[in-house]
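Open the model in your viewer and keep the selection box at hand. This tour goes stop by stop, saying what to select and what is there.

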Amino acid sequence: MHKYFQSFFFTSFFGFLLFITSELGMAAAPSALPDSVQAALKQANIPAANIGIYVLPVDSDQPALAYGEDRSMNPASVMKLLTTFAGLDILGPAYNWKTEIYVNGPVVDGVLKGDLILKGYGDPELTVERFWLMLRELRQRGVRDIRGDLVLDKHFFATEPHDPGAFDNQAFQPYNAGPDALLMNFNVAPLRLVPLPEQRSVTVQPEFSLTTLTLRNGLKLDNATCGDWESRLNVQVSPTPAGAVVDLSGPFSSTCGEKQLNLSFLRNGDFIYGLFKQLWSESGGSISGGFKAGEVPASARLLVTKTSPPLAVVVRNINKFSNNVMARQLYLTIGAEQSGQPGSRENAGATIHTWLAGRGLNFPELVVENGSGLSRIARISPQHLADLLIAAYRSPVFSELESSLPIVAVDGTMRRRMKDDGVAGHAHIKSGSIDGVKTIAGYVFDSKGRRNVVVCMINHPRASAGRGVQDALLEWVYNRP
């Protein structure tokens, strides 16, 4: 064969093979990081050995980019993707929690001669507004004066120790609140800070007039730039037998205007009882007893049932705003519903692993702990997290899961990111961040209209500086050829 034709033949033949293998998704996955991502890593001073990236078009078995994809890494809040997908798939998007009110005694002329019982089933969205509606219905049923105690039945979840300060020594931050079968208003009691420039003072107005709360205001008004106003405050909480004493001190700027300080400073029972007494009194009711833990006795009569919004709505609030305690409520509910009451971390974890195996997903490195990602020991690899997102994409509940994720530059925890980039409005991304961990995972529509699964995990002491790395990756995926 003539050398020219021989060269042409082999060049054409191997070019054809390269085309075929590429079309069949058999080419080797690119392992070199894009220049923009490498530059961002260098600027953040984060070694490439401390990241894991996996980018996979949903209609392909071949990743567009794979780097450190097998590393077992802490996912932070992107672990909520596992919990919420499992919840939607196992319980169903229309699943509702319920909360019940029972009376244990006769009601004569508006007087309950016995105890009032609240029984919880883990509703993550039992807000003060919905609790008020429950008590309004109770008044409409003829109850006015309760001559017994308020009994709290929390047996839907197992009693497990929870130290809110164990994770980061911030015991009164709402994100550290523990799960509870009777979780009221996320166990958060907001305080409204109102500057009064004419009087050179700051007033503190509790959202709830709780008899279990003593508030001492030592705030000083100044004219500094508002900025991160919460970091300037000094909050001290001292538990008491009847509730808590909260001492506020430090500067607060008049330029901030009104601000709301959300704190979780009361034990769950104290908070429920204090809130109940306030709302019940405002509705014209009274109670002579205190509160105690207990179970609904056979002699009790059900008067009021309140159901939660459907799970599809709850999942949206969990993921859009990365609510830890709501994710933990869902995690324990999965265990309670599938493994038998009460729900616990153990039976929830067992249910999740069984569910994954049933879908053909084998994640040997997986450690969930509590379902929220607020954990030092949680682990998953970038590729396995991507596998989970592909499984979700191919499931009947995909629409509910994807719509629950924050949209880049639009809403949720991603609303302030990448507003001037091409990917703005074209990606549903869950983010996660704790000390030493910064992660993102979700779906990106690229400039050609192709949906891609994207995972980027950084585990390094300087992880907090890694936002630019993740943004560079998202923009690269959007613009990829």
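**Stop 1: backbone details**

Select Pro342, in the loop between α7 and α8. Look at the peptide bond that joins Pro342 to Gln341: this bond is cis, with omega about -5°. Keep in mind that the model is predicted.

Now go to Asn169. Asn169 sits in the loop between β8 (150-153) and β9 (189-196). Check the backbone torsions there: phi of Asn169 is near 65°, a positive value in a residue other than glycine.

**Stop 2: a helix pair**

Select residues 80-91 and 311-320, which are helix α3 and helix α6. How far apart are their axes, and at what angle do the helices pack? The axes are 11 Å apart and the angle is about 180°. Angles over 145 degrees count as roughly antiparallel, so α3 and α6 are roughly antiparallel to each other.

Show side chains at the contact. From α3, pick Lys80, Thr84, Gly87, Leu88 and Leu91. They meet Leu311, Ala312, Val315, Ile318 and Asn319 in α6. Colour the contact by class and you get six nonpolar, three polar and one charged residues.

**Stop 3: a salt bridge from α3**

Stay on α3 and select Asp89, then add Arg359. The two form a salt bridge, with the closest N and O atoms 3.2 Å apart. Arg359 lies in the loop between α8 (345-358) and α9 (382-393), so the pair ties together parts that are 270 residues apart in sequence. How many salt bridges does the structure hold? The count is 20.

**Stop 4: the largest pocket**

Select Pro174, Tyr175, Phe321, Ser322 and Thr413. Of the 46 residues that line the largest pocket, these are the closest to its centre. The volume of this pocket is about 1700 Å³.

Next, colour the elements that give two or more residues to its lining: α4 (128-140), β14 (259-263), α5 (268-282), α7 (324-339), β18 (427-434), β19 (437-445) and α11 (467-479). Which of them gives the most? Strand β18 does, with five residues. By class, the lining of the largest pocket has 16 nonpolar, 18 polar and twelve charged residues.

**Stop 5: the second largest pocket**

Move to Glu160, Pro161, His162, Gly178 and Pro179. Among the 44 residues that line the second largest pocket, these lie nearest its centre. Its volume is about 1100 Å³.

Add β13 (243-253), α5 and α7, each of which supplies at least two residues of this lining. Helix α7 gives the most, with three residues. Both α5 and α7 also give two or more residues to the lining of the largest pocket. By class, the second largest pocket is lined by 21 nonpolar, 14 polar and nine charged residues.

**Stop 6: the cavity**

Rolling a probe the size of a water molecule over the atoms shows where empty space is left. How many cavities of 30 Å³ or more does a search of the whole structure find? The search finds one. About 30 Å³ of space lies in this largest cavity.

To see the walls, select Asn187, Val188, Ala189, Leu263, Ser264, Phe265, Leu266 and Phe271. This lining divides into six nonpolar, two polar and no charged residues.

Methods
Residues numbered from 1 in each chain as written. Predicted model: local features only at pLDDT ≥ 70, side-chain atom pairs only at ≥ 80, totals over all residues. Heavy atoms only, no water. 1 Å grid on protein atoms, 1.4 Å probe; cavity = no way out; pocket = protein on both sides within 12 Å on 5 of 7 lines; lining within 4 Å. Points joined across faces, edges and corners; volume = space filled by probe spheres on them. Helix = DSSP H or I, 4+ residues; strand = E, 2+ residues; numbered from the N terminus. Nonpolar A, V, L, I, M, F, W, Y, C, P; charged D, E, K, R; others polar. Axes fitted to C-alpha atoms, helices over the stretch in contact; angles between N-to-C directions. Parallel < 35°, antiparallel > 145°, perpendicular 65-115°, else oblique. Contact = heavy atoms within 4.5 Å. Salt bridge = Lys/Arg side-chain N within 4 Å of Asp/Glu carboxyl O.
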